[in-house]
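Trainee: I would like a close look at a single part of this model, followed outward to whatever surrounds it. Please keep the answer connected.

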Amino acid sequence: MIFNRNETKEVAVLLGAGSMGTAVIRRFAAGRKILFGDISQANLNRVCEEFIRSGYDAEGMIVNAMDKDSIEAFAAKAASLGQVKYYVHTAGASPSQGTPEHILNLDMTGTGYAIDAFGKVMAEGGAGLIISSQTGYMFPVPYEVEQQILAAETDELKNIDFIKENAVTSGKAYMIAKRVNHLQAMKAAATTWKQRRARINTISPGIIVTPLAYDEFNAPGNTYQNMIDSSAAMRTASSDEIAEAAAFLLGEHAGFITGTDLLMDGGVIPAIRTGAYKLH
Ligand SMILES: NC(=O)c1ccc[n+]([C@@H]2O[C@H](COP(=O)([O-])OP(=O)(O)OC[C@H]3O[C@@H](n4cnc5c(N)ncnc54)[C@H](O)[C@@H]3O)[C@@H](O)[C@H]2O)c1
């Protein structure tokens, strides 16, 4: 039986079929074709099964979100399915999941490749969302370096002196990569995505309870508990809360919002910036 003839041929794409991404894409799934990309076949199978069994039209593709060719093939596949209306990017690794090099390749350069590739296929009126992180606010990047980042091609980012000199631990590489994400979206909003009449923004989540976050909770030290306790919200959040904000940013009511970041951290960064919480 054909549940949905998808006559509009609108496509919603997710790269990184994990917790936050699937919560976001669910908000845009109805009546559209969903294309999931992930490095893990097991993840793709589980997520496609879950969506298809709920009546959605979904398919998956193995993609390595660090590899330019793989991402370009993914964008081409998305375009072949219809009008690419939504692009959501959540492929990432947290500090305890990889070396500094892995984190820069995936969270920074790979995100850049995806923004570049989808900047060639987005439909007019489409919208994109990159999931960055509150950590993008934790390691200040000087203004002149931000200008270098904005001027650089994606492949050149890792050769910027500031990045080479500072991204020496996984934690610092993650903080820098997530700040770079804000600038990548800002640049695309003003250039490639603008030319296609599509919008792109980032969300910087705080502590969201997902398998990725559990890897951090299990890391040595009390950093996460201290962040929770010193924040205004004094709690963690769920992927569904991120999806709520994502639905706004990707939706038509946010038609005047592009190239910006929404910090959703329950007040962790305000605590750090005002000295209520001292980051070591
Ligand atoms: N969970 C948090 O507390 C938190 C907070 C701030 C930011 N973030 C960011 O949000 C994003 C999503 O995180 P999540 O918590 O939903 O994690 P998750 O682990 O549920 O999802 C990440 C997905 O990315 C996929 N992935 C990893 N490497 C890949 C690669 N090379 N190619 C393709 N896919 C790959 C994984 O298989 C997984 O499905 C990440 O960028 C993360 O850094 C998470």
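Is Pro-211 buried or exposed, and how many other C-beta atoms lie within 10 Å?

Mentor: The model is a predicted one. Pro-211 is exposed, because 9 other C-beta atoms lie within 10 Å, and a residue with 12 or fewer counts as exposed. Pro-211 belongs to helix H9. For a sense of its place in the fold, take Met-66: the two residues are 145 apart in sequence, and their C-alpha atoms are 20 Å apart.

The helix that holds Pro-211 leads to the ligand. H9 (211–217) supplies at least two residues of the shell around the ligand, and so does helix H1 (19–26). There are 29 residues around the ligand, and the ones that come nearest are Gly-18, Ala-65, Gly-92, Thr-210 and Leu-212. By type, the shell is made up of 16 nonpolar residues, twelve polar ones and one charged.

Of these two helices, H1 can be described further. Seven of its eight residues are buried, so H1 is largely enclosed by the rest of the structure. Those buried are Met-20, Gly-21, Thr-22, Ala-23, Val-24, Ile-25 and Arg-26. They pack against strands E1 (10–15), E2, E4 (83–89) and E5 (122–131), and also against helices H2 and H11 (239–250).

H1 also has a place in the order of strands and helices. Together with E1 and E2, H1 makes a right-handed β-α-β unit. A further right-handed β-α-β unit is formed by E2, helix H2 (residues 41–53) and E3.

The strands of these units pair as follows. E1 and E2 are parallel and share five bridges, with Leu-14 bridged to Phe-36 of E2. E1 also pairs with E4, again in the parallel sense, over six bridges; here the partner of Leu-15 is His-89 in E4. Strand E2 (residues 33–38) runs parallel to strand E3 (residues 57–62), and six bridges join them. One residue of that pairing is Gly-37, whose partner in E3 is Met-61. E1 itself is largely enclosed by the rest of the structure, because five of its six residues are buried.

The enclosed parts bring us to the nonpolar core. The largest such core has 81 residues, and Val-13, Val-24, Ile-34, Phe-118 and Leu-129 have the most contacts inside it. Helix H7 (residues 170–190) gives the most to this core, namely eleven residues. Val-13 shows what such contacts look like: beyond its neighbours within four places in sequence, Val-13 touches Leu-35, Ala-78, Val-84, Tyr-86, Tyr-87 and Val-88.

Back at the exposed side, two loop residues can be set beside Pro-211. Arg-197 sits in the loop between helix H8 (192–195) and strand E6 (199–205). Arg-197 counts as exposed because it has 11 C-beta neighbours inside 10 Å. Its phi is near 60°, which is positive although the residue is not glycine. Met-234 is placed in the loop between helix H10 (223–230) and H11. It too is not a glycine, and its phi is positive, at about 55°. Met-234 counts as exposed because it has 10 C-beta neighbours inside 10 Å.

Conventions: Residues are numbered from 1 along each chain as its sequence is written. This is a predicted model: local features need pLDDT of at least 70, side-chain atom pairs count only at pLDDT 80 or more; totals for chains, interfaces and linings use all residues. A residue is near a molecule or strand if its C-beta atom, placed from the backbone, lies within 6 Å of it. Helices (H or I, at least four residues) and strands (E, at least two) are DSSP runs, numbered from the N terminus. Ala, Val, Leu, Ile, Met, Phe, Trp, Tyr, Cys and Pro count as nonpolar, Asp, Glu, Lys and Arg as charged, and the others, Gly among them, as polar. A nonpolar core is a set of buried Ala, Val, Leu, Ile, Met, Phe, Trp, Tyr and Cys residues joined through C-beta atoms within 7 Å. A residue is buried if 20 or more other C-beta atoms lie within 10 Å of its own, exposed if 12 or fewer, and partly exposed in between; C-beta atoms are placed from the backbone. Two residues are in contact if their C-beta atoms, placed from the backbone, lie within 7 Å. Two strands pair if DSSP finds at least two bridges between them. A crossover is right-handed if, with the strands pointing away from the viewer, the path from the first strand over the helix to the second runs clockwise.
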